[in-house]
Amino acid sequence: MSDVIANIPVNYYVFFATALFCIGVVGVLTRRNSLIVFMSVEIMLNAVNVLFVAFSSYKSDPAGQVFVFFIMAVAAAEVAVGLAIIVMIYRNLRTVDTGALNHLKW
Amino acid sequence: MPPPTKNCPVAVKNNHVQNIKPASFLDLRVLFFILQKAIIILSKLLAFSKKSYLCKLRNIFHQKMLSLILLSVFGITNLFLGFLRQRNIVLFASMAFTFITLVVSWLDMNGTLITFDASLNGGMMANDKLSTSFAFVMLLTALLIFPLSTHYLKDKEAQPAEYYAILMFSLVGALMMVSYKNLIMLFVGVEILSISMYVLTGSDKHNVKSNEAALKYFLMGSFATGILLFGMALLYGAVGAFTTEAIQTYVSANKVVDSPMAFLGFSMMLIGILFKISAAPFHFWTPDVYEGAPSLFTAFMSTIVKTAGIGATLKFVTLFGFIPLGASWYPAWYKGVAIVVILTLAIGNITAVYQSSFKRMLAYSGISHAGYLLMAVLALSPVSSVKAILFYTLAYSVATVAAFGGLMAVAGNKRKEEYAYFNGLGKTNPFLALSITISMLSLAGIPLTAGFFGKLFVFLSVFERGLYFLVVVAVLMAAVGVYYYFRVIIAMYMREGNNEPVQVSSGTIATLLIANILTIALGIAPDLWLNWFM
């Protein structure tokens, strides 16, 4: 099994991570539900994680994998804050649709 | 809905005033005892650090770590101070803590506290003059912003101890952003700063505007973080390391055409950082967030977050453009950044003209000032543009803090910040009107204020690089800026208003006085600041 993984060229990982990242970007730009937008952001972060791990093992340099742990920790903190904000919005507006966010306009 | 648990002591105090008083004194005594012991232990550690384990402890303090550790510990202390019944203590404590950090970070640079050794700390943080000067600007701004928060001390719904603690934690992130030597530290710094600001933006829980601003800021901010990280990953794939030295070596050894992945990574990282400093195509979240957030935190966002972002941009872009190291890379990206600068200046200044809300105008003016700062970054001359950026950030921060202080005093508890509130302020409260006038003049760049020399230094550095068209655009846009800054002054002195007289708290008076004295002092003798650090 490990042979199979080692035989996959690093390009494939780059393409895969880029595809995941693009899915995330499209999700952020097109979706209206803030929870789904939030999930798309998480997909973007995880695409980055895949890319870091792939490069790290390809270059046999541990720093990239250390970075992945930092990203995971920070993403967890972001989830905590983000969900709290979304819950707060839901309590006041009874919706989490980004279309309802129209109180700030010039 | 039950009131938050933190409010209980306040409610109890009203019923049994006599019973509570001794207890609060007890709290104070315990606190002073702990602080005293802590200071004694710390001084002993620093004095007798000949032993090996103490040496190790001292090594942790190397290279910017001391101020970071101090800020974090002080922030946590602040959270505990929130249990005290007297809320004033929290404000004084956090100001004292920030001041101590300011002094320490300055002593740290000159090597009087500890000796300088670049090999320690894994090379994660730089402790050079540049980062310390940025740290000085940000800590000074924080010191000026804290006294504006006195209205939170009386508000039972508010949690001042937590606000101050989160502000101090966000300062940790800001210091990391201006002193990183490793991309990991840049990322962690950006995130510490951003996540703290998401929380503070939404701190006015029952206000729909504040909620909306928090969600917008959060979604846009984390989106930008994703882009920043993807750029870092691509850069890592090309360079194979995160340290700034490795990147510099890579950039000087390779041409742009040979390394498209590194260039793409650089561009995406730049976009991610430009999001944070709200440069033009990526600025759309800024006005909403600045308007919706409580004014105190808007002041923090538009000064400290911007300074930290510009510091990070300067350090990052320097890797890819400083002559002679990255000379071949500079032509590849400077046009793109020049377009961003022009867009930022144009959109920021022209949209600010059409605002009816003073706070929203300040948001757009913040965007335009990001444009001027980015212009100096683009000039990238090792001496003059660094000087210009340091001077400009200080001048801009001080004037903006004064403007927000005036706004908070005038707008008070009203949920809107219209220009009409300023009508006739020159008669009802001459001091407030004068200090807002001075800050507006400084932001507009009128001579004898700090803002004038800030703009002058920026234009000179760009001139040195030979980007003349940028100077022309910037001067035109500065002329547009004069119009909307003077609208406030005209409203204060030439319009009749029937607004009630404005009460100004002593904290606000102190901040306004210091900010205005600094603005004028820097405007008369700009060398004062430049010679001090650079």
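This report walks through one small chain and a few helices and residues of a larger picture, all in a predicted model.

**Chain A**

Let's start with chain A. Its secondary structure consists of four helices and zero strands, so reading from the N terminus the order of elements is simply α-α-α-α. How spread out is chain A? The radius of gyration is 18 Å, while the globule rule gives 13 Å for 106 residues; the value for chain A is well over that, so the chain is more spread out than a compact globule. You can also picture a box drawn along the principal axes: the C-alpha atoms of chain A fill one of roughly 55 × 30 × 25 Å. Of the 106 residues in this chain, 39% count as buried. Among contacts in chain A with a separation of 6 or more, 50% come from residues 24 or more positions apart.

**Two helices side by side in chain B**

Now turn to chain B, and find helix H6 (residues 129-145) and helix H14 (residues 295-319). Their axes come within 10 Å and cross at roughly 180°. Angles over 145 degrees count as roughly antiparallel, and H6(B) and H14(B) are therefore roughly antiparallel to each other.

Which residues meet where H6(B) and H14(B) touch? On the H6(B) side they include Leu130(B), Phe134(B), Val137(B) and Met138(B), and on the H14(B) side they include Leu296(B), Phe300(B), Ile304(B) and Leu314(B). Sorted by class, this contact has 12 nonpolar, four polar and one charged residues.

**Three residues to look up**

Two threonines of H14(B) take part in that contact, Thr303(B) and Thr307(B). The table sets them beside Val353(B), which is found in helix H15 (residues 330-353) of chain B.

| Residue | Relative accessibility |
|---|---|
| Thr303(B) | 0% |
| Thr307(B) | 2% |
| Val353(B) | 17% |

Buried or exposed: how does Val353(B) count? Buried means under 20% relative accessible area, so Val353(B), at 17%, counts as buried. Thr307(B) counts as buried at 2%, and Thr303(B) is buried with 0%.

What do these residues touch, leaving aside neighbours up to four places away in sequence? Thr307(B) touches Phe134(B), Val137(B) and Met138(B), along with Val178(B), Thr393(B) and Ser397(B). Thr303(B) is in contact with Thr141(B) and Ile145(B), and also with Ser397(B), Thr400(B) and Val401(B). Ser397(B) is thus a partner of Thr307(B) and of Thr303(B). Val353(B) touches Val480(B), Tyr483(B), Tyr484(B) and Arg487(B).

Distances along the chain and in space are worth setting side by side. Thr303(B) and Ala521(B) are 218 residues apart in sequence, and their C-alpha atoms are 19 Å apart. For Val353(B) and Val401(B), 48 residues apart along the chain, the C-alpha separation is 21 Å.

**Helix H17 of chain B**

Our last stop is helix H17 (residues 384-411) of chain B. How far apart are its end C-alpha atoms? They are 39 Å apart, which agrees with the 40 Å that its 28 residues should span at 1.5 Å a residue. H17(B) is mostly covered, as 27 of its 28 residues are buried. After H17(B) comes Gly412(B), whose phi is positive, near 55°.

Methods: Residues are numbered from 1 along each chain as its sequence is written. Chains are lettered from A and ligands numbered from 1 in the order in which they are written. This is a predicted model: local features need pLDDT of at least 70, side-chain atom pairs count only at pLDDT 80 or more; totals for chains, interfaces and linings use all residues. Side-chain values use heavy atoms; hydrogens and water are left out. Axes are lines fitted to C-alpha atoms, for helices over the stretch in contact, and angles run from 0 to 180 degrees between N-to-C directions. Angles under 35 degrees count as roughly parallel, over 145 as roughly antiparallel, 65 to 115 as roughly perpendicular and the rest as oblique. Contact means heavy atoms within 4.5 Å. Ala, Val, Leu, Ile, Met, Phe, Trp, Tyr, Cys and Pro count as nonpolar, Asp, Glu, Lys and Arg as charged, and the others, Gly among them, as polar. The expected span of a helix is 1.5 Å times one less than its number of residues. Buried means under 20% relative accessible area, exposed over 50%, partly exposed in between (1.4 Å probe, protein chains only). The radius of gyration is taken over C-alpha atoms; the globule rule is 2.2 Å times the number of residues to the power 0.38.
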